[in-house]
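Please open the structure in your viewer and keep the sequence panel beside it. The tour below goes from one selection to the next, and says at each stop what is there.

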Amino acid sequence: METKRVTLFCGHYGSGKTNLAVNYAMRLRAQGLPVSLADVDIVNPYFRSKDSEEALASMGIEVISLPFANTNVDLPSLPSEVYGLVERRDRYAVLDVGGDDRGAYALGRFASYILRENDFEMLYVVNFYRPLTQTAAEALEVMREIEAVCAIPFTGIVNNSNLGDETKGADVRKTDPEAQKLCALAGLPLKMTAVSDRCAADFPPGAVFPLHLQKKPF
Amino acid sequence: MSEKVLMKGNEAIAEAAIRAGCRHYFGYPITPQTELAAYMAKRMPRIGGVFLQAESEISAINMVYGVASTGKRVMTSSSSPGISLKQEGISYIAGADLPALIVNVERGGPGLGGIQPSQADYFQATKGGGHGDYHLIVLTPASVQEMADLTALAFDLADQYRMPAMLLADGTIGQMMEPVELPAESGCTVEKPWALTGTGMKRPHNIVNSLYLVPEELEKTNFERFERYRKIEETEVRYESFMTEDADVAVVAFGIAARVSKNAVLAARKEGIKAGLIRPITVWPFPKQPIAALADRVKGFVSVELSMGQMIEDVKLACSCKKPVSLCNRAGGMIPTPEAVLAAIREMNGGN
């Protein structure tokens, strides 16, 4: 995938945006690029990219997160550094956006900057095992809702279909036709298929984007 | 497209409720249960159901009271501070002998507290909460699958015993995502001759009420209700017993605390400590009998809780204080680590 300067991960909530954003930032960093990851999820109170802050920082990835993320302050506010991030041409920016149209509202204020710079990839993350996006048509509906509120057009699709810890390679492959259908409906390319590194070996090398997932204590 | 889907705990409750025939949801958003309301807002209009965001939790629970009077399956959901607001309505629903489902995805307290997970509403859920003598059937899911399964069960039990049931979850189970096999479509199977469905000029009016002007009559309803509660305590206790057969130390924990405890029990077994776990699935009725039976065999119990120690009182009562009961807890939105539970097991086993 050609690397644009700003990469945004949007989609239905629970589609895996945070895991993708974290892993994608790590991949760019591994290529030696200067990377910042911005957590602009104003919706989700738990499980966010800030959880990986230590690992990211140790790799030299700058993490910009909401001032009150992971605290008891349920206050959706965005850090001013995000403006700088989308305008700074010396760094690559990965944006972890909140789920659905509600989460994507936060992008609206940055849309004009992102569009003006015109060096972005707006990726739609889809998991066809999520109950409200089980078909291409349902996934497209959520996609259009997101575009309507944030005013940034999608440029590609990421198939991140999974069943959590129970995912097998075959489960991912089963969703290929639905992903192709969504691409056809949306008129967009499939930018990648993401799978947990536990079953990445089920695929030919380079065919999928392997995700390293955080381990849960329970 | 598939048998299994990947769901958040909150969504699993919502979808399971719809599949159980619930077409009336009244609520008010609060973290960490908001996805439940959001899911209902999206799904209910498409299936001819009602999603209504009330102006407050108090309104929502009274709307539940109204629909419950008609015999329809109905629910509300909230998190701790919102559940406190609903208590008056819950007492009225219990006093009017109506089935309904109340979901509490608990967060840290007291007061506005925080938005991280908690189990500190145990007393409120199991000992009343509102005023007067009453109980709720209280179910405590420990996985996203159980969020779905126990929702369906809660509707069935509420209908069967004509009383409100509560799903007592915590923020972590509400927010976490796991694969779920959704329960089949179902619905109410018991007759509801008391329901307000219109007389059709063929029968006398049904009256749903919790006000009694004659104290003797009010006493009689209390006695009758408690006779029903006694039967529930005999027949509806649910729990999971994990490696307790030969256990020297029995951990008692529910919900997210039980998941952490299970890992600690396995770690203790690796060290040669015979640990086991009793996981209450109903906390009212509380699994007194299995704990009483274990009291004759174990060195002691460890109560693992996301509170300052509430269920521990029921554990002590259940074992008639025959054996020591220690507390392994975190509060205010924190979760005990498997290591902390393991340390408590070691200590109860007699040190290292």
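## A guided tour of chain B

Begin by selecting B:D97 and B:R225, which form a salt bridge whose closest N and O atoms are 2.8 Å apart. This pair links distant parts of the chain, since B:D97 sits in the loop between α5 (87-95) and β5 (100-106) of chain B while B:R225 belongs to helix α9 of chain B, 128 residues apart. Both B:D97 and B:R225 are buried. As you look at these side chains, please keep in mind that this is a predicted model.

**Further salt bridges**

Next, select B:R43 together with B:E15, whose side chains meet in a salt bridge at 3.1 Å, N to O. B:R43 lies in helix α2 (residues 34-43) of chain B and B:E15 in helix α1 (residues 9-19) of chain B, so the pair ties together parts that are 28 residues apart in sequence. Is B:E15 buried or exposed? Its relative accessibility is 4%, and therefore B:E15 counts as buried.

Move on to B:R346 and B:E271, where the side chains meet in another salt bridge, at 2.7 Å from N to O. Here too distant parts of the chain are linked, with B:R346 in helix α13 (residues 338-348) of chain B and B:E271 in the loop between α10 (255-270) and β11 (275-280) of chain B, 75 residues apart. B:R346 is partly exposed, with a relative accessible area of 25%, and B:E271 also counts as partly exposed, at 41% relative accessibility.

To finish this part, select B:R73, B:D156, B:D159 and B:K192, which are linked in a network of salt bridges. Over all chains, the count comes to 35 salt bridges.

**The sheet of five strands**

Now show chain B as a cartoon and find the open sheet of 5 strands, which has the order β9-β11-β10-β13-β14 and mixed pairing. Its edge strands are β9 (239-242) and β14 of chain B, each of which pairs on one side only. From one strand to the next, the twist averages 20°.

Within this sheet, select strand β13 (residues 300-305) of chain B, which is mostly covered, with 6 of its 6 residues buried. In a regular strand the side chains alternate between the two faces of the sheet. Which residues of β13(B) lie on each side? On one side are B:G300, B:V302 and B:V304, on the other B:F301, B:S303 and B:E305, and all of them are buried, which leaves both faces of the strand covered.

The neighbours of this strand can be added one at a time. Strand β10 (residues 249-252) of chain B runs parallel to β13(B) and is joined to it by 4 bridges; B:V251 stands opposite B:V302 in β13(B), and B:V252 stands opposite B:S303. Strand β14 (residues 325-329) of chain B also runs parallel to β13(B), and 5 bridges join the two. In β14(B), B:S326 is the bridge partner of B:V302. If you then add helix α12 (residues 311-318) of chain B to the selection, you will see that β13(B), this helix and β14(B) make a right-handed β-α-β unit.

**The sheet of seven strands**

Turn next to the open sheet in which 7 strands of chain B follow the order β3-β2-β4-β5-β7-β6-β12, again with mixed pairing. At its edges stand β3 (50-53) and β12 (282-284) of chain B, each with a single partner strand, so one side of each is left without a neighbour in the sheet. Neighbouring strands of this sheet are turned by 20° against each other on average, direction ignored.

Inside it, select strand β4 (residues 74-78) of chain B along with β5(B); the two run parallel and are joined by 4 bridges. For a single pair to look at, pick B:M75, whose bridge partner in β5(B) is B:L101.

**Stops at the surface**

Finally, switch on the surface and select B:L211, B:L213 and B:V214, which make a nonpolar surface patch of about 330 Å². Of these, B:L211 lies in the loop between β8 (177-181) and α9 (215-235) of chain B, and at 57% relative accessibility B:L211 counts as exposed.

The last selection is B:E234 in helix α9 of chain B, which is exposed, with a relative accessible area of 56%. Add B:Q289, 55 residues apart from B:E234 along the chain, and you will find their C-alpha atoms separated by 9.9 Å.

Terms used: Residues numbered from 1 in each chain as written. Chains lettered and ligands numbered in written order. Predicted model: local features only at pLDDT ≥ 70, side-chain atom pairs only at ≥ 80, totals over all residues. Heavy atoms only, no water. Patch = residues over 30% accessible without salt bridge, like charges linked within 9 Å, V, L, I, M, F, W, Y side chains within 5 Å. Areas by Shrake-Rupley, 256 points an atom, 1.4 Å probe, with all protein chains shown as cover. Salt bridge = Lys/Arg side-chain N within 4 Å of Asp/Glu carboxyl O. Buried < 20%, exposed > 50% of the residue type's maximum accessible area, 1.4 Å probe, protein only. Pairing = 2+ DSSP bridges. Right-handed = clockwise from strand over helix to strand, strands pointing away. Axes fitted to C-alpha atoms, helices over the stretch in contact; angles between N-to-C directions.
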